[in-house]
Amino acid sequence: MKKYYKLLLKRLMFYPFSWLPLNKRKLVFDNFGGRGYGDNPKYIADELLKQDKNLDIVWLTKDMNTSVPDGVRKVRYGSWRAFLEWSTAKIWVDNIRNSDRPWKRKKQIYLQTWHGSDGVKLVEKDVESTLSKSYLVMAKYDGRISDGIISSCQLQTEQFKKSFWLDDNVEILEYGLPRNDDFFYSEKISHTNQIVRARYNISLDELVVLYMPTFRDNGSTKAYNLDYDKVISSFQKFYNKEVRVLIRFHPNVDNTFFKNDDERLINVTDYPDPQDLMFAADIMISDYSSAPIDFMLLNRTIFLYMPDYEEYTKLRPLNPNFNNLPFIKCYTNLELVEQISRFSKMDYHECIDDYKLKNRRFDDGDAARKCAEWIVNQL
């Protein structure tokens with residue numbers, strides 16, 4: 001509970017800020033507790049800037065060198081100034097439930113965008129016994145104060161209702177995820193693909209594999225043991241192309257363990273927007289992450305490599321829907337190589353189409369605009 005008591009002390013210390021008048025044109029955005037300009041909050045902020053509603057948009061970041069667009073003010077996450085901005089803003093936008101922020105005031109509006117999509121890991125109330133007391137206190141409070149929460153599909157709507165401790169009056173906004181809007185615009189995909197490949201000196205003729213695993217609750221890196229030589233060789237044989245692998249570890253992973261002198265492998269963990277990397281990738285290899293759910297919108301190939309499946313699921317139970325995911329599941333390097341060698345595009349896409357039919361998705365390329373419209377209506 002140490003983290004919670006520290007936050008409680010800050011809330012009490014800066015409580016006088018709540019006596020100041022609300023700025024009805026001010027919005028405060030947070031992404032993963034100050035991790036920079038990204039995820040769903042970024043795309044909503046971009047849309048509001050595009051609409052030019054004369055808003056005061058504040059972005060909280062731990063790194064003040066973070067690049068943000070003109071029209072966005074940066075404030076250091078966790079500072080007294082951040083508490084002042086939170087306390088006097090009309091609108092809050094966040095994608096996690098345990099940010100360093102004050103108590104919400106009665107006339108403030110809070111939009112929770114969450115940071116995952118459907119049917120991978122069990123979360124919140126479904127794994128209540130595994131969560132820390134401090135997280136539970138903050139998550140339950142977050143549920144009570146949320147005025148709106150964004151859903152990507154019918155399965156996620158059901159999960160929110162069941163597991164997120166939401167107030168009865170919350171609006172579940174079935175808009176899809178703003179971060180996925182660009183997946184519906186071919187010109188944007190093509191342009192971003194060229195930019196990313198140029199940045200890493202990858203030609204348009206090369207096959208790009210994006211390896212994007214999630215973190216382990218115990219901090220272990222043992223599962224990131226992909227046999228890059230064999231995997232690259234298998235893809236080269238199957239597609240008759242030169243192969244480059246973009247490797248993006250989760251922000252919670254200390255990726256200093258990854259040592260590399262192979263020019264075919266590129267560590268892109270520090271790249272600010274993972275959605276851009278997806279546009280440059282022909283194939284994704286992941287595991288228990290929700291990233292493949294997003295990548296699926298591009299109708300490209302996804303392999304799940306899970307060498308620690310038994311160990312992982314003991315620590316972090318998976319959603320029952322995980323077994324229904326249409327991606328190719330592999331548990332050893334040998335199995336992954338074999339699956340690549342006998343891949344059937346027709347069979348794979350039949351599975352993808354069947355999954356989409358069973359789980360109605362709300363993504364349509366217009367989520368950011370709908371979220372911005374909802375926010376403006378609150379103002």
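In the predicted model, helices α1 and α4 are oblique to each other, because their packing angle of about 50° falls neither under 35 degrees nor within the range of 65 to 115. Helix α1 spans residues 2-13 and helix α4 spans residues 133-145, and their axes lie 8 Å apart. The contact is formed by Lys3, Tyr4, Leu7 and Arg11 on the side of α1, which meet Ser134, Val137, Met138 and Tyr141 of α4. By class, five nonpolar, one polar and two charged residues make up this contact between α1 and α4.

An open sheet is built from six strands, arranged in the order β10-β9-β8-β11-β12-β13 with parallel pairing. Strands β10 (265-267) and β13 (328-330) are the edge strands, each of which pairs on one side only. On average, neighbouring strands of the sheet are turned by 20° against each other when direction is ignored. In general, the strands of a sheet pair through backbone hydrogen bonds, in either a parallel or an antiparallel manner.

Within this sheet, strand β8 (residues 207-211) and strand β11 (residues 283-286) run parallel and are joined by three bridges. Leu210 stands opposite Met284, a residue of β11.

The sheet is also met by a helix: α7, comprising residues 228-239, lies across β8, β9 (243-247), β10, β11 and β12 (301-305). Relative to β9, helix α7 runs at about 135°.

Key:
Residues are numbered from 1 along each chain as its sequence is written. This is a predicted model: local features need pLDDT of at least 70, side-chain atom pairs count only at pLDDT 80 or more; totals for chains, interfaces and linings use all residues. Side-chain values use heavy atoms; hydrogens and water are left out. Axes are lines fitted to C-alpha atoms, for helices over the stretch in contact, and angles run from 0 to 180 degrees between N-to-C directions. Helices (H or I, at least four residues) and strands (E, at least two) are DSSP runs, numbered from the N terminus. Angles under 35 degrees count as roughly parallel, over 145 as roughly antiparallel, 65 to 115 as roughly perpendicular and the rest as oblique. Contact means heavy atoms within 4.5 Å. Ala, Val, Leu, Ile, Met, Phe, Trp, Tyr, Cys and Pro count as nonpolar, Asp, Glu, Lys and Arg as charged, and the others, Gly among them, as polar. Two strands pair if DSSP finds at least two bridges between them.
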